[in-house]
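Dear colleague,

I am passing on the structure we spoke about, and I would be glad if you could look through it alongside the notes below.

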Amino acid sequence: MEAPLKYIFDSIQYLKPEVAVSIFLAILVTVDLVLGKKNKQVLPYIALAGLVITGYFVTQQFGTSAFASVQHNIGNFGLIAVDSFGNYFKLIIILSSIFIVLFSISSIEIKQVFDRHGEYYSLIFGMMLGMMLMVSSADLILIYLSIELVSLSSYVLAGFTKQSLRNSEASLKYIIYGGTASGIMLFGISILYGIMGTTNLYAINTILQNGAFQPLALIISCILIFTGFGFKISAAPFHFWTPDVYEGAPIAITAYLSIASKAAGFALLIRFIKVTFIQTIGEDGYWQLLGVIDWKSFLIMISILTMTLGNFSALWQDNLKRMLAYSSIAHAGYMLLGLAVFSDQGVMAILIYFLIYLFMNLGAFFVVMLIANKIGSEEIDEYDGIAYKTPLLAVSLAVFLISLTGLPPTAGFIAKLYLFIALVDAKMIAVAIIALLNTVVSLYYYIRVLKHMFLTKPKVEGERITIGIADTVVLLAMLIPIFLFGLYFTPIVNFAKNSIALLGF
Amino acid sequence: MDLITLSVIILFIPLLGFVLTLFTGMNFKWAFLIENVLIVLGFILSVVLLYNKLSGYLDTDIVSEFNWINLGIIPFFGEIIIKLGIKLDNVAVIMNFTVFLISMVVHLFSIDYMKGDKRYSRYFAYLGLFTFSMTGIVVTNNVLMMYIFWELVGLSSYLLIGFWFEKKSASDAGKKAFIVNRIGDLGMFAGILILFVTYKTFSFQEIFNAVAAGQLPFNSEFWLTITGLLLFCGAIGKSAQFPLHVWLPDAMEGPTPVSALIHAATMVAAGVYFIVRIFPILSGDALLIIAIIGAISAFIPATIALTQNDIKRVLAYSTVSQLGYMIMALGIGAYVFAFFHLITHAFFKACLFLGSGSVIHSMHHEQDIQKMGGLRKKMPITYATFLLATLALSGIPLTSGFLSKDGILAGTLAYTSLTGNWFFTFIGFTVAMLTAFYMFRLVILTFHGEPKNKEKYDHAHESPFFMIMPLVLLSGLSIFIWYTPNPFNADSGWVLSKWVKAPTLSVPESARYPFMVEEQKQESIVKQEEEVTFSHEYTHAMHSAHVPTIFLSGFVAGLGILFAFLFYQWKKLDPNKLAAKVKPLYNLSYNKWYFDEFYNSVFVGGTLAFSNFLRWIDNTIIDGIVNGSATLTRGVSKVSGKFDNGVVDGLVNFTAYFSGFIGLLFRKFQTGKVQTYIVLVIFSLLILLFLFKSF
């Protein structure tokens, strides 16, 4: 057999989830073309089936730790690293995709563009393929390609319902902004390649361990590359697109961007820093980084800036979607602290945080979407007294917001608890206090929504808002974990603990 | 299926009933049936559990636990792993059975009793929540879970006492019960914290082992005593012991079946049960104080019950008194009899409460016994069962109450012979007499004699089947035959000889009662086959105290009953004349020893007085000083006014404004123009490069 072909076949056993996603992408496109206009409601169910199958392949891969697409010329390192860490994030991406498909089924916005459903779901699958490559890519080229794949799909998705003006505006801003960011990142990548002569992260690590090089060029390249990551995880000062796009995009897509693409960005950032700059891992789980860049102060600075900016800006927002956008910026700030600790414990805290964040943030967006379906608005003023029209939705939103604040007995508390334990354990007390104060600020704008919902009298007496059984089930599927993991969290902690291993470390 | 799984299923059945009934009750008329069917199922499973445990694992404890929270190594403390678990020993399964039996009959009783209530299904949901919480207390193997379910019991008790919250007295009683219980729980919580900080575990068995290995809180026996007493505070609140007993009589505002379930048989027994659980770590000093508290709690309410006229209040005070008995018995070491009395008392006291419910139901919510009388003809079954339970409570031979009470009294006598202290014996027998007296006063005034309220009497009728059946069942359980073949000696019965045994003590020998320490030489000389409780000395004393107790207790109970008949049935003596003669004593009893008034004036009044005092200081002294130097003040006050407005208020507001200002500032960057954003990104990139280039 030809050598390149052999490499491909060798790799496929490790790429089953990605292959499954690609196949289902093709199926979605085909089915969409074959089916008439009337039968398009089967598409989301095909998508769900595809997600479940992909999820199955991911669970099959648990425990595997290997390179796919190995390049034998550079010391048997590969383009793709398949490991527990990547699998954990793949599961988060698949789980959130399942929820997003479920959201889309009941979203009025998406229903309005019924005849383009095929595109919609295939774009989601395209984005998912990109994200799954992102979380496991170990090569600068693949990093760039996968980020671009995700970005291009999300540009279109953000402006998918072309009818509304703010949709198109959001999409356009996103493209311009994203284009700039990836341009800067590509510039950084090319500088790094120029210094190192290789694009593989593991190979770069080997070179860094051994040799001397121009530090200034290295620093410049790293900061430029970080721009791309910062854009994806919406860390300040690269977050400017977030509020505008989140507000303008269809809610289901906003929710998707806030979880899945952020998760992928985080996974990539953690992998990039750990694989490239690590020297050794101590017995106690703390990483010794190579002393080329002061990543620690860099990340602490970025994260404090991010959370402060997110929280304080959220104080003034009157649109719930926009407020949740700022809140998601703030949460990215908290999670960055978990990385800034540079320990396995910190990474574990991030993993726990993401799983819980998935349920609470998606839940909040889902309730906002269901209410917007009925009243056609996301303005906080429109929520006055809404608890009397729809007690279930109001109480659920209250639970999600309280969980986002991080109060017990909700899972949000556990997420913050492990993060702060990691910080205190690393003796980063001052940083922990700043994060804690930020949480206090966030309490204000989350509780403000509760005040509008429960304590303010409605301006106009409206009808009761009712939701269907399917929506109730989806809602409970996010509500129950909030309490369950708030009270009994040992399983997710153990799951996260078993998933911190990166390939080779 | 193994017993642990079975017990977990039993635990969650009532919770399932609670959830289903609560969420379907609004729209579904038959929701209450879900709860009833589930509780009957739970009872059947409890019987299976009881049978399997006692037949298969008589002498082994079945324990199972899992890691609930694993925080790993915590800075400054060490490793924190919090486990939850279940421990099935004989005490737990017997108690579990008792809880489900009484809960079941109360459920069935309530079907008719609560008929027509507008929150009918919610009532049953609350009963389910209560049963869940109580079962949790019973089967847990650790003190943390005990505390969690303890509070859940408090919550469901609050909900049920204030079930008719439209009535102010009911909602007040609910609040009172809740707040008074909190006071006790505070102590309990402190005790739990001491245990956790010392032993890094919540598990009973691990704590016992650690104490037995010589590890003490703060390395002193004194602190072990303190810890025991702090934990006992929880029992004081929950079991309505002196001085926190005031909530229980008020709790009678709840529906009567609730009183039977919660305030007679199960929840108030939780305190006693808790002491039973932690008995091995209670030092001699702690036990003595516990015994004294128990004795006081047995005596005072017994004297109050003599003069009360509300049928449920008499029973409520009687409950406090009997709980005091159990606590006292634990304090003097009569461990098995305390637990035995807990069980027998649960049955006959529940029977009495349900019987009073039956009376109240047929008398159209009349509770004053002075307005009843002659009811035995109208309600023969209620009368017969009530009488049987009364005989048991009075400690008449052939009843279960005789067996357990006799054991406790023998325990007091044994204690006297071992220590020479007559106090507990005196209290024990006096209370036995008082109990017989007030219970027969209650029976005679309610069921005998002539009806005093003719109209209500004419409408009275025997209660329907679902109300009668529980009475018959419970009164049947008040007969000795279920517990022992010998009606005069419970020791030979299966409950005490096989099922319930005193635990091995963990307390260091130097901190125990002297008679609970086994002397080494004696053991080597006397090789007896028989079981020994604590020490040979103690076992002997119990044996020799047994026969005198039978005669003495029979005598005092008979005396009490005789006087009751003399006063109220045959009218040879006039209670009013006697009351007039000992007016101060009568008033003391009638007004419940003025506890409520005392607490009102001291604690409520004290708080108010203190705040008044502060206001007085404010008005007189501070204002006086301010006003006193008028001219100076004007200038000063102007300055201070400016300071107040400008600086103090300013600082407070500033924090809020500043936060808002920062937010506004950040918002300035968010122009909505993508060109600006890109410029900002490039600009901040340059700053970042500048900051980190020097490294």
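The notes that follow go from chain A to its contacts with chain B, and then to one helix and one residue of chain B. Please keep in mind throughout that this is a predicted model.

Chain A as a whole

Chain A is built from 20 helices and four strands, and its C-alpha atoms fill a box of roughly 70 × 60 × 40 Å when this is taken along the principal axes. A compact globule of 505 residues would be expected to have a radius of gyration near 23 Å, and the 22 Å computed for chain A agrees with that expectation. Of the 505 residues in this chain, 59% count as buried. If one takes the contacts in chain A between residues at least 6 apart in sequence, 79% of them join residues that are at least 24 apart.

Where chain A touches chain B

On the chain A side, 30 residues are in contact with 27 residues of chain B. The elements of chain A that each give two or more residues to this side are α8 (165–196), α10 (215–233), α11 (241–248), α13 (295–314), α17 (411–425) and α20 (490–497), and of these α10(A) gives the most, with five residues. Sorted by class, the side of chain A that touches chain B has 22 nonpolar, four polar and four charged residues.

Helix α2 of chain B

In chain B, helix α2 covers residues 31–56, and at 1.5 Å a residue its 26 residues should span 38 Å, which agrees with the 38 Å between its end C-alpha atoms. The buried residues of α2(B) include Phe32(B), Ile34(B), Leu38(B), Ile39(B), Phe43(B) and Leu49(B), but also Glu35(B), Asn36(B) and Lys53(B). The buried residues of this helix pack against α1 (3–24), β2 (78–88), α3 and α4 (120–139) of chain B.

Ile111 of chain B

Helix α3 of chain B, residues 90–113, holds Ile111(B). Is Ile111(B) partly exposed or buried? Ile111(B) counts as partly exposed, because it has 18 C-beta neighbours inside 10 Å, whereas 20 or more would be needed for a residue to be buried. Leaving aside neighbours within four places in sequence, Ile111(B) is in contact with Asn36(B) and Phe466(B), and Asn36(B) is itself one of the buried residues of α2(B). Asn309(B), by contrast, lies 198 residues from Ile111(B) in sequence and 28 Å from it in space, C-alpha to C-alpha.

With best wishes

Notes
Residues numbered from 1 in each chain as written. Chains lettered and ligands numbered in written order. Predicted model: local features only at pLDDT ≥ 70, side-chain atom pairs only at ≥ 80, totals over all residues. Rg over C-alpha atoms; globule rule 2.2 N^0.38 Å. Buried ≥ 20, exposed ≤ 12 C-beta atoms within 10 Å, placed from the backbone. Contact = placed C-beta atoms within 7 Å. Nonpolar A, V, L, I, M, F, W, Y, C, P; charged D, E, K, R; others polar. Expected span 1.5 Å × (residues − 1).
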